[in-house]
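Please open the structure in your viewer and keep the selection tool ready, because each stop on this tour begins with something to select.

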Amino acid sequence: MSTSSKPATTHTAAANRAVFDNLHFEDRRAYDDSRRGFVATLDPMVITDDTGRVVWDLERFAFLDDDAPDTVNPSLWRISQLHNAHGLFRVADHIYQLRGFDISNMTVIEGDTGYVVIDPLTSVECARAAMDLVYENLGHRPIRAILYTHSHADHFGGVKGIVSEDDVTSGAVRVVAPLGFLEHAVSENVYAGNAMIRRAEYMYGQNLPVNGTGVISTGLGIALSQGQMSLLQPTDVISASGQELVLDGIRFEFQYTPDSEAPAEMHFYLPDMRALCMAENVSHHMHNLYTPRGAQVRDALGWSRYLDEALQRYGSVTDVMFICHQWPVWGSEAICDLLAEHRDLYRYIHDETLRLAAHGYTMTEIGEMIELPEGLATSWTARGYYGSLNHNAKGVYQKYLGWFDGNPAHLHPHTPVETGRRYVEFMGGADSVIEKARTAFDEGDYRWVAEVVNHVVFAEPDNTAARELQADALEQLGYQSESAPWRNFYLTGAQDLREGVHADANALGANEVVAAMTVDMLLDYLAVRLNGPKAGGRHFTLRLDISDAAESRMLELTRGVLNGTPTEPGADADATAQLTKATLTGLALGAVQLADAVAAGKVELGGDESVVYDLFALLDTFTRSFNIVTP
């Protein structure tokens, strides 16, 4: 089977041309705003780590300067062009942004004696390169404070590229974050992290080529950097709206917004500068209420209310609003308009989904039925470049009603493999299905082809004709998608069907974010790795003494479950193990083998040592190379 991308079909080309008839492409204000205040940039925009490995290369996206090809939805092409603006930008007096150094922005505010930095990107290398550009153009002054607006890694991971742990522990640098930041920064992507990371490869198109038939954007920013991630723990915590701090002479007033775009998030207002930062709760597109990589569904109603609170409190006294992805908004009227629009956008999706559900419509039906009203439908800043109206409505339904639609025929379905076998048999065999699906493909009904041929692929995963047709259908759906995650999911699915799954390393490796996990978080993850059926007949206790944390935990394996509770250092157990928290981290993640740790003197065992070895023999090892579009 050919592994090459196919061109757009006539149906796809026509669908993409029709986009020009429905949206106001003549409106070019965003192009001007995205480049307003330009100061300087890197040339070329390529960043490497200490070994010379490229962690960021914006030069790959130079093709976006051209017109959209038939293989890309023109609306998605437009936002991708806007994401391609890069450099140091002046937002207002004393406020600057670094954009195009990562998927997110880093904001730098000039204080009395130094800088206050907001959201230091994903990677150490990118944050360092961005700050070097600041020093080169604005002067070399010390960083006095770091603000993390929320608990997603692209807003804190680069922090050690610009300040050190000694800077923080000495009191020279303050680190400010919302309540719950550390817990959520560490835990959100750990317990279900392996599945999330694999699905993120699809969502961000991480294995796709960067071109007009591959990845062109994430929808939220141009791409994710691939450098070293770090974390410094907060020194100051924001726990309530109205809370104020003075950082290097700058007055900050905070709005605490938990369970919005992130579990721990905050906005802030600078009264002396009449400037408002809305973190990631406002952007120049529709955001995700449900993120396809996998996460807990976000609270659309609460999100909308936070935006209304910001509008009422700050809208009339703000001259510039900057956000943590994309470009700022200038002028009180435009700021109030965008705040009100996004307040209404998320409230509409919430209310309309529940209205339709109250009429008995299911999640899938609501996703097809829901349409944005006048005032939102054609607004560039409400387009589904990252979220989509279809999957966001399904997310609202799931939050309130769960996965089950109430139809008992859907209560206990067969697995995809068994369903596929039965469908293929009922439809006259694989050849018959493929023949009919080719007709549907020629008619441009790619959604139907994908649904039907999926049954053949799961029934007969080695059927080359089925895999090729399925890949072709997914590819055309990707070419037509306005949502970058949808495009990347479709195209990565096609790639896996044609080339097989790209081999990858273990999902969770030792890094500074994972190292910040508490002992109890590590034990919870250890319990996730336990193979319950294999462990079902076993019962024993193990006392862990964490030497450098002065903590002890009693682990009890019973009924296929591993429970961990605080205990005294000398408590009786079938076996004991003394080790450091770093060693426990390596063992919990599977990065360190028990026998190696014991041989190296990093683990001291007592009691029935076989119990400890038995426990670790019952743990699964995860990789992120599992199949998604095949059994």
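Which residues does Asp66 touch, not counting residues up to four places away in sequence? Keep in mind as you look that this is a predicted model. Select Asp66 in the loop between β3 (54-57) and α3 (74-83), and you will find that Asp66 touches Trp77 and Gln81 once those neighbours in sequence are set aside. Trp77 is 11 residues from Asp66 along the chain, and the C-alpha atoms of the two are separated by 9.7 Å. With a relative accessible area of 49%, Asp66 is partly exposed, because the exposed class begins over 50%.

**Two places in the backbone**

Select Asp43 and Pro44 next, and look at the bond between them: a cis peptide bond joins this pair, with omega about 0°. Pro44 has its place in the loop between β1 (38-40) and β2 (46-48). Then move to His94, in the loop between β4 (87-92) and β5 (95-99), where phi is near 75°, a positive value in a residue other than glycine. Both stops are worth a pause because most residues other than glycine have a negative phi, and most peptide bonds are trans. His94 counts as partly exposed, at 42% relative accessibility.

**A buried histidine and its surroundings**

Now select His267, which lies in strand β13 (residues 266-270). Is His267 buried or exposed? Its relative accessibility is 0%, so His267 counts as buried. Show the side chains here, and you can trace a polar contact of 2.7 Å between the side chains of His267 and Gln255, as well as a polar contact of 2.9 Å from the side chain of His267 to the side chain of Asn281. If you leave aside neighbours within four places in sequence, the residues in contact with His267 are Glu253, Phe254, Gln255, Thr257, Cys277, Met278, Ala279, Asn281 and Ala310.

From that list, select Ala279, which is found in the loop between β14 (275-277) and α8. Ala279 has a phi near 50°, a positive value in a residue other than glycine, and Ala279 counts as buried, at 0% relative accessibility.

**Three pairs of helices**

Ala310, another residue in contact with His267, leads on to the first pair, so select helix α8 (residues 300-314) together with helix α9 (residues 332-358). Their axes come within 8 Å and cross at roughly 160°, which makes α8 roughly antiparallel to α9. In this pair α8 passes α9 in a left-handed crossing. Residues of α8 that make the contact include Trp303, Leu307, Ala310 and Leu311, while those of α9 include Leu339, Arg343, Tyr346 and His350. The residues of this contact divide into 10 nonpolar, 4 polar and 4 charged.

For the next pair, select helix α15 (residues 464-480) and helix α16 (residues 484-499), whose axes come within 8 Å and cross at roughly 160°. That angle makes α15 roughly antiparallel to α16, and α15 passes α16 in a left-handed crossing. Among the residues in contact are Arg467, Asp472, Glu475 and Tyr479 of α15, together with Arg487, Tyr490, Asp496 and Arg498 of α16. How many residues of the contact of α15 with α16 are nonpolar, how many polar and how many charged? They divide into 8 nonpolar, 3 polar and 6 charged.

The remaining pair is helix α18 (residues 519-529) with helix α20 (residues 581-589), whose axes come within 9 Å and cross at roughly 20°. These helices are therefore roughly parallel to each other, and α18 passes α20 in a left-handed crossing. The residues to select on α18 are Val519, Leu522, Leu523, Tyr525, Leu526 and Arg529, and those on α20 are Lys581, Leu584, Thr585, Leu587, Ala588 and Leu589. Here the contact divides into 9 nonpolar, 1 polar and 2 charged residues.

**A last distance**

To finish, select Lys436 in helix α13 (residues 430-442), where a relative accessible area of 57% means that Lys436 is exposed. Add Val514 to the selection and step back: Lys436 and Val514 are 78 residues apart in sequence, and 50 Å apart in space from C-alpha to C-alpha.

Note on methods:
Residues numbered from 1 in each chain as written. Predicted model: local features only at pLDDT ≥ 70, side-chain atom pairs only at ≥ 80, totals over all residues. Heavy atoms only, no water. Axes fitted to C-alpha atoms, helices over the stretch in contact; angles between N-to-C directions. Helix = DSSP H or I, 4+ residues; strand = E, 2+ residues; numbered from the N terminus. Parallel < 35°, antiparallel > 145°, perpendicular 65-115°, else oblique. Left-handed = near helix turned anticlockwise from the far one by under 90°. Contact = heavy atoms within 4.5 Å. Nonpolar A, V, L, I, M, F, W, Y, C, P; charged D, E, K, R; others polar. Buried < 20%, exposed > 50% of the residue type's maximum accessible area, 1.4 Å probe, protein only. Polar contact = N/O pair within 3.5 Å; in protein donor to acceptor, adjacent residues only side chain to side chain.
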